[in-house]
Structures are given as C-alpha cells and as structure tokens.
Amino acid sequence: MVDSAKIMSDSKLYLETNELDHGSVLSQMAATIADEIRNPLAGIASTVSLLKEDLSGRIDDAKFKTIDSCIRRIDSFIEDLYLLTRPISPGFMLIELTEFVRQVVEQFFSAKNISYHFISDNEKMGAKVDMILLQNALYNILDNSVYALGQDGEIWVSVEKENTDHDSKMARITIRDTGTGMDKRVFRNLFIPFFTTKHEGRGLGLVIARNYIHFHSGTIHIESEKNKGTLVKINLPIYAGGDDAGTWKCIGS
Ligand SMILES: Nc1ncnc2c1ncn2[C@@H]1O[C@H](COP(=O)(O)OP(=O)(O)O)[C@@H](O)[C@H]1O
Ligand SMILES: [Mg+2]
C-alpha cells in the first residue's frame, strides 16, 4: 500500500519555498538569465544564417538543422522564463462564476471531442475575476486531466459553495479525473517550475495556474492516488456585493 497510499497536501505548504512570486529574488534572477541568454542567442542565430548563405551547397544541411533546432529550444525556454516572470496586471470584472466555469469547460471539451460531467448547485455566485487568467488556469488543469486519462477514464467538474452555509464566503471549483494519478515523487514536485513527466511537457501548467488563482485571492489544493486519479480543488472568494452588484457578466453574452 505504500505506493498507492493517498497523498494529500495543501499546495500552500509549498508557497514559501517554491513560488516564483513577482518581484521576488528568484523571479528577478530568471528575468536576468532570460535577458542574458536572449541577446547572444540572437547573435548566434543571425551568424548561423549568414554562414548558411556562405556555405550553401558545400555543407551537409542536417548540421544546420541541428543548430536551428537547438536555437529554437533555447528560445522557447527563454519564452517560458518570461512567461513566469513578466509582471501581470489583472483586469477584474464581476461575473457569475458557475456560468463562467460551465462555459469555459464546455469550450475546452468541445474542441477535444471528449465527454465530461458537470455538476453545480445552480446557486448564483458573483466573483471578481480576470476571465482570461482564470480560463487559462482552468485550461492548464483540464489539460493535465485529459493527458492522464486512460481509455475509460472520466472527468468531473463541479462548481458549488465551499460549504452548505447560505452565507458561505468561498466558492469551490473541483476538477476530478479517474486517470493515472501520481506517485509521491511527482506529487512533491508538482509546483516546481519546469518539472514535467511528459516528453513534450513544459512543467509550467500548474505553476501558472496557481499564480493566477492566487491573483484572485484563491487557493488550490490537490489530492492524488496512483492509478486511481486526481482531484484539484480551487477555492475562490464569492463577491459579497457593492455598487456594481447586478452587473454580472457571462462570457459569450
Ligand atoms: N491530473 C493529473 N494526473 C496525473 N498527473 C498529473 C496531473 N496533473 C499534473 N500531473 C503531473 O504534474 C506534472 C506537471 O504538470 P504541469 O505543471 O501542468 O506541467 P506539464 O503538463 O507541462 O508536464 C505533469 O507532468 C504530470 O506528471
Ligand atoms: Mg500541464
């Protein structure tokens, strides 16, 4: 039972050591490294393209292809560093959360032709969100669930109040899959930038999702069981009202 033991952890536990917070030393370091690599890399790329012209027909093209693909790889890594460190100014607007999540999930799955289950308590919950950032966070989490699904796997998405109190202050979005689940090693590294178990993975999906959720004063909590599946819980504050109550928007309307 050791390997399949249920591992639970609140991602908040990782925050102090792992988060690439904007303005933090780590974040600045990453930005500096990106700048320092990008300029010489541009120099290498343009020199290689001049060399290509000079040596046209006299040298095996495959060698240039290798150089080009290495340059592209470094360049996309730099892009990832910028993605992590670029300052973001969220633009919050008041929306109805259940409908928003319903539409985001529908858009996500209709493009992939995969079936899913959606549950909500149908209560209206206002939330102040940056729709692009929250959609991005949800897509990153859904992407992982889809990747982890086997042939007969299922995905369940739910939106409800965090607890049954009528005046609950938090909304809870859950995304549960019956996919591969994770072992302890993967679970411990989930929020480490660039950690991935996928051949073409970038290891940024969850780091970015967590950052975006924190922009909304929310939390993300993950539970996983190897060969059983994974549950991601996102808590977001419900907007309690104010001058702009009554102006709830839904995407697509
Ligand atoms: N729902 C899930 N089921 C199984 N493994 C997962 C799930 N979500 C995340 N993981 C693991 O966490 C790793 C990091 O995920 P992520 O940050 O999104 O980066 P990436 O998807 O590029 O690998 C994944 O490579 C995978 O091993
Ligand atoms: Mg991912």
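**Exercise 1. In which strand is arginine 172 found? Describe its surroundings.**

*Solution.* The structure is a predicted model, in which local features need pLDDT of at least 70, side-chain atom pairs count only at pLDDT 80 or more, and totals for chains, interfaces and linings use all residues. Residues are numbered from 1 along each chain as its sequence is written, while chains are lettered from A and ligands numbered from 1 in the order in which they are written.

Step 1. Arginine 172 is found in strand S6, residues 170-177. Helices (H or I, at least four residues) and strands (E, at least two) are DSSP runs, numbered from the N terminus.

Step 2. Arginine 172 counts as partly exposed because it has 19 C-beta neighbours inside 10 Å. A residue is buried if 20 or more other C-beta atoms lie within 10 Å of its own, exposed if 12 or fewer, and partly exposed in between, with C-beta atoms placed from the backbone.

Step 3. When neighbours within four places in sequence are left aside, arginine 172 is in contact with Glu160, Glu162, Lys233, Ile234 and Asn235. Two residues are in contact if their C-beta atoms, placed from the backbone, lie within 7 Å. For arginine 172 and lysine 233, 61 residues apart along the chain, the separation of the C-alpha atoms is 6.7 Å.

**Exercise 2. How many helices and strands does the protein have, and what percentage of its residues count as buried?**

*Solution.* Step 1. The protein has 7 helices and 8 strands.

Step 2. Of its 253 residues, 23% count as buried.

Step 3. Among contacts with a separation of 6 or more, 77% join residues 24 or more positions apart.

**Exercise 3. Describe how H2 packs with H3, and how H4 packs with H5.**

*Solution.* Step 1. Two packed helices are described by the angle between their axes and the distance between the axes. Axes are lines fitted to C-alpha atoms, for helices over the stretch in contact, and angles run from 0 to 180 degrees between N-to-C directions.

Step 2. Helix H2 (residues 25-54) and H3 pack at an angle of about 155°, with their axes 9 Å apart. H2 is therefore roughly antiparallel to H3. Angles under 35 degrees count as roughly parallel, over 145 as roughly antiparallel, 65 to 115 as roughly perpendicular and the rest as oblique.

Step 3. The crossing of H2 and H3 is left-handed. A crossing is left-handed if the near helix is turned anticlockwise from the far one by less than a right angle, and right-handed if clockwise.

Step 4. By class, the contact of H2 with H3 has 17 nonpolar, 2 polar and 3 charged residues. Ala, Val, Leu, Ile, Met, Phe, Trp, Tyr, Cys and Pro count as nonpolar, Asp, Glu, Lys and Arg as charged, and the others, Gly among them, as polar.

Step 5. The axes of H4 (residues 97-112) and H5 come within 10 Å and cross at roughly 45°. H4 is therefore oblique to H5, and their crossing is right-handed.

Step 6. From H4, Val101, Val104, Phe108 and Lys112 meet Gln135, Leu138, Tyr139, Leu142 and Val146 of H5. This contact has 7 nonpolar, 1 polar and 1 charged residues.

**Exercise 4. Where is asparagine 113 found, and where is phenylalanine 194 found? State the phi of each.**

*Solution.* Step 1. Most residues other than glycine have a negative phi.

Step 2. Asparagine 113 is found in the loop between H4 and strand S3 (117-120), and its phi is positive, near 60°. Asparagine 113 counts as exposed because it has 6 C-beta neighbours inside 10 Å.

Step 3. Phenylalanine 194 is found in the loop between helix H6 (184-189) and H7, and has a positive phi of about 75°. With 14 other C-beta atoms within 10 Å, phenylalanine 194 is partly exposed.

Step 4. Outside its neighbours within four places in sequence, phenylalanine 194 is in contact with Gly203 and Leu204.

**Exercise 5. Which elements give two or more residues to the shell around ligand 1? Describe this shell and helix H7.**

*Solution.* Step 1. Ligand 1 is surrounded by 23 residues, the closest being Asn144, Ala148, Thr196, Gly201 and Gly205. The elements that give two or more residues to the shell are H5 and H7. A residue is near a molecule or strand if its C-beta atom, placed from the backbone, lies within 6 Å of it.

Step 2. The largest share of the shell, 4 residues, comes from H5. The shell residues divide into 8 nonpolar, 12 polar and 3 charged.

Step 3. In H7 (residues 205-215), 8 of the 11 residues are buried. What covers these buried residues includes helix H3 (61-85), helix H5 (131-148), strand S7 (219-225) and strand S8 (229-237).
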